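Trainee: I have a structure to go through. Can we take it step by step?
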Amino acid sequence: MKVGFGWKLHGDGRAPRPGAVVRPDERLSWGRTVGLGAQHVVAMFGATFVAPILMGLDPNLAVMLSGVATVFFLLVTQGRIPSYLGSSLSFVGVAAVIKSQGGDTATVTGALLVAGAVLAACGAVVQGLGAKVVHAVLPPVVTGAVVMLIGFNLAPVAAGTYWPQDQWTALLVMAFTGLALVVLRGFWSRIAIFLGLVFGYAVSWLFDRVFGKIHSPVGGGAATEHWRLDLSGVGKADWIGLPSLHAPSFQASAVLVALPVVVALIAENAGHVKAVSEMTGDPLDDRMGAAIMADGTATVLSTAVGGPATTTYAENIGVMAATRVYSTAAYWCAAGFAILFGLCPKFGAVVAAIPGGVLGGITVVLYGMIGLLGAQIWIHNRVDLTNPLHLVPVAAGVIVGIGNVTLKFTDSFELSGIALGTIIVLTGYHVLRLMAPAHMKQPTGTPLLDEGTSSYDVGAGDSGDPGERPAR
């Protein structure tokens, strides 16, 4: 594909053939593809909507710009990397620090714009010099850890924000979603996440009718008595409306707070590209720099009009892992939905009304699948975790990332969570490697400084397990 169009119909268009996957240049029937696009919207919407709210930005603008950013990303990567670009949660802490220093939303978006420009420049360097630059800095042991801590870092959101809002609904939705993923066949199994959401809406409505209001925390706040499903805001919202725009402003102190996150974003993007490469079986090293550059440029475009920073979404990678459908046609549909929905305040109100317990049940499944993609990278690259050179930095970095440990440098600058965990894994591995004895540096199965992660275990066959794929 030159620009990512011209998808071939996969089989009969109903479902992936036994033991096969729907590749990026393939698609199911258009009806099913549109449905999968809607599921990708559902998967990305929670974080894409919540992140700008936490940063004081317009969520409808963020949704619309996520669609624009995804289209831009698919064009730049020539349709080879199926990914959705949503609002980056990595900058939520940055926004809080900037505002504590007296900055406003324009100052926040200005700092994020500069960070996006730096990320784009790093992507251009990688594209010019080759993916070996990233591989030399981010070998499989590191990228596997980064993907893992990115996924599992989301666990407190599911456990602390969503699940406590309605634990029994969350439990039922989790069980239903897992059952749907395993038991349903064909197209229905491909939209299992969406079915879980619909099921959760129905359960919440039924519980409200049978048990009345629930006394629980809302959005991680204080416990109050409220309806599980509150649609009062939907009736008040307009059908069509333009989101609010604003120009960024620039302050050096704010920019300095935002720049360290770029380190995590490079690793995050590289990790996502490697994860997609693992799942699709398509070597993507030649597009890794383009992916990083596209993400950075999309952030510049978004923040230039008052939107949040963007990033490739692990949530949607989780959906692909569950469905084994990697068609970029579904992402074009998702982007189209997002642009239209961003112009519809009523839609935003409907999505904002998703009960927290429903999100709790869905996210514990999705976030766990994201984290386990990191383990897949380790397995496929035969990373030896009995080797202290691998074990020590990974152990420390993953715990720091998952536990959201904070390292405070000054009153106005600190590193935490994904950023700090990534830095610990990255610097820890390379510093220890310089001092490690020769026998610890010996590769096992594949080189430490690999040429990619998408050609391992070739010929192992494909039984539907993500860890296996047919020879190509």
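Trainee: Which residues are linked in a network of salt bridges?

Mentor: Keep in mind that this is a predicted model. Start from one pair: the side chains of Asp166 and Arg228 meet in a salt bridge, 3.1 Å from N to O. Then widen the view to the full network, which is made of Asp166, Asp208 and Arg228.

Trainee: How many residues apart in sequence are the parts that Asp166 and Arg228 tie together?

Mentor: Find each loop. Asp166 sits between α7 and α8, while Arg228 sits between β5 and α11, so the pair ties together parts whose separation in sequence is 62 residues.

Trainee: Are Asp166 and Arg228 buried or exposed?

Mentor: The test is relative accessible area, and buried means under 20%. Asp166 and Arg228 both fall in that class: buried.

Trainee: Is Asp286, which forms a salt bridge with Arg80, buried, partly exposed or exposed?

Mentor: In that bridge the closest N and O atoms are 2.7 Å apart. The partners lie 206 residues apart in the chain. Now apply the cut-offs: partly exposed runs between 20% and 50%. Asp286 has a relative accessible area of 42%, so Asp286 is partly exposed.

Trainee: How many salt bridges does a search of the whole structure find?

Mentor: Lys8 and Asp25 make one of them, at 3.7 Å from N to O. That pair is 17 residues apart, with Lys8 in strand β1. Across the whole structure, the search gives 4.

Trainee: How many residues has the largest nonpolar core?

Mentor: Nonpolar side chains tend to be buried together in soluble globular proteins. Here, Met55, Phe91 and Val94 are among the residues with the most contacts inside the largest core. Its residue count is 101.

Technical notes. Residues numbered from 1 in each chain as written. Predicted model: local features only at pLDDT ≥ 70, side-chain atom pairs only at ≥ 80, totals over all residues. Heavy atoms only, no water. Core = buried A, V, L, I, M, F, W, Y, C linked by side-chain atoms within 4.5 Å. Buried < 20%, exposed > 50% of the residue type's maximum accessible area, 1.4 Å probe, protein only. Helix = DSSP H or I, 4+ residues; strand = E, 2+ residues; numbered from the N terminus.
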